Structures are given as C-alpha cells and as structure tokens.
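Good morning, colleagues. I would like to take a few minutes to present one protein, beginning with the chain as a whole and ending with a single residue.

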Amino acid sequence: MNLRLESLSQLERLRSAEFGYLFVQENDGERRAYDGESVPTQLVRRIIAQHLGMPERWHWRDYPGLEELVATYNALKGRVRL
C-alpha cells in the first residue's frame, strides 16, 4: 500500500486494516501512508526511547507518559493560547 493523503482525517479508514501503517509527512507537507506489515509497531517511539536511554518506555499503552504530559502542560500554561 502506498496511499497519498490529502487530510489527516483519511487515516481513519486505515484503523481497520489487517496490518498497521507507517505514516510519513514530508517537509513539503505531502502525506503518505504505507503498509506497515514489515514495520515494527511504534517504530519511531522505540528509536527515540532507546536513544534517550529508556527503552522500556516505547509503547504508549504500557507507558503513556502522563507525568511528562502534565509537566509539559504546566510549563506551557499561560504561554500558549489554546
């Protein structure tokens, strides 16, 4: 699968796909979704978690990062218009 996406809302139809997908947005804004059958789930999170020395935190279901979310919110509160 190599699907060009005009809008992020088009990702909704991929939710029921047998395999996951790899979403890529290029610097020019072009968006594509590729068949993720041969790509490990949460690949980018795995790479970042490993790089940060926290390989056990790669999966959002096991480690959603709520403490970090609250800390980020508190740091930005009053600085970013919602």
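Accessible areas here come from the Shrake-Rupley method with a 1.4 Å probe. On that basis, the protein exposes about 7100 Å², and carbon and sulfur atoms supply 53% of that area. Please bear in mind that this is a predicted model.

Let me turn to the overall architecture. The protein has 2 helices and 3 strands, and from the N terminus on, the order of these elements is β-β-β-α-α. The radius of gyration is 16 Å, well over the 12 Å that the globule rule gives for 82 residues, so the protein is more spread out than a compact globule. Along the principal axes, the C-alpha atoms fill a box of roughly 40 × 35 × 25 Å.

How many of the 82 residues count as buried? The share is 11%. As for contacts between residues at least 6 apart in sequence, 26% of them join residues at least 24 apart.

A word on charge. The protein carries 12 positive and 12 negative charges, and the mean positions of these two sets lie 8 Å apart.

I close with Phe-23, which is found in strand E2, residues 21-25. Phe-23 has a relative accessible area of 30%, and since buried means under 20% and exposed means over 50%, Phe-23 is therefore partly exposed. Which residues does Phe-23 touch, not counting those up to four places away in sequence? They are Leu-5, Leu-8, Leu-11, Arg-31 and Arg-32. In addition, the C-alpha atoms of Phe-23 and Ala-33 are 4.5 Å apart in space, although the two residues are 10 apart in sequence.

Notes: Residues are numbered from 1 along each chain as its sequence is written. This is a predicted model: local features need pLDDT of at least 70, side-chain atom pairs count only at pLDDT 80 or more; totals for chains, interfaces and linings use all residues. Side-chain values use heavy atoms; hydrogens and water are left out. Helices (H or I, at least four residues) and strands (E, at least two) are DSSP runs, numbered from the N terminus. The radius of gyration is taken over C-alpha atoms; the globule rule is 2.2 Å times the number of residues to the power 0.38. Buried means under 20% relative accessible area, exposed over 50%, partly exposed in between (1.4 Å probe, protein chains only). Contact means heavy atoms within 4.5 Å. Lys and Arg count as positive and Asp and Glu as negative; His and the chain ends are not counted. The place of a charge is taken as NZ of Lys, CZ of Arg, CG of Asp or CD of Glu.
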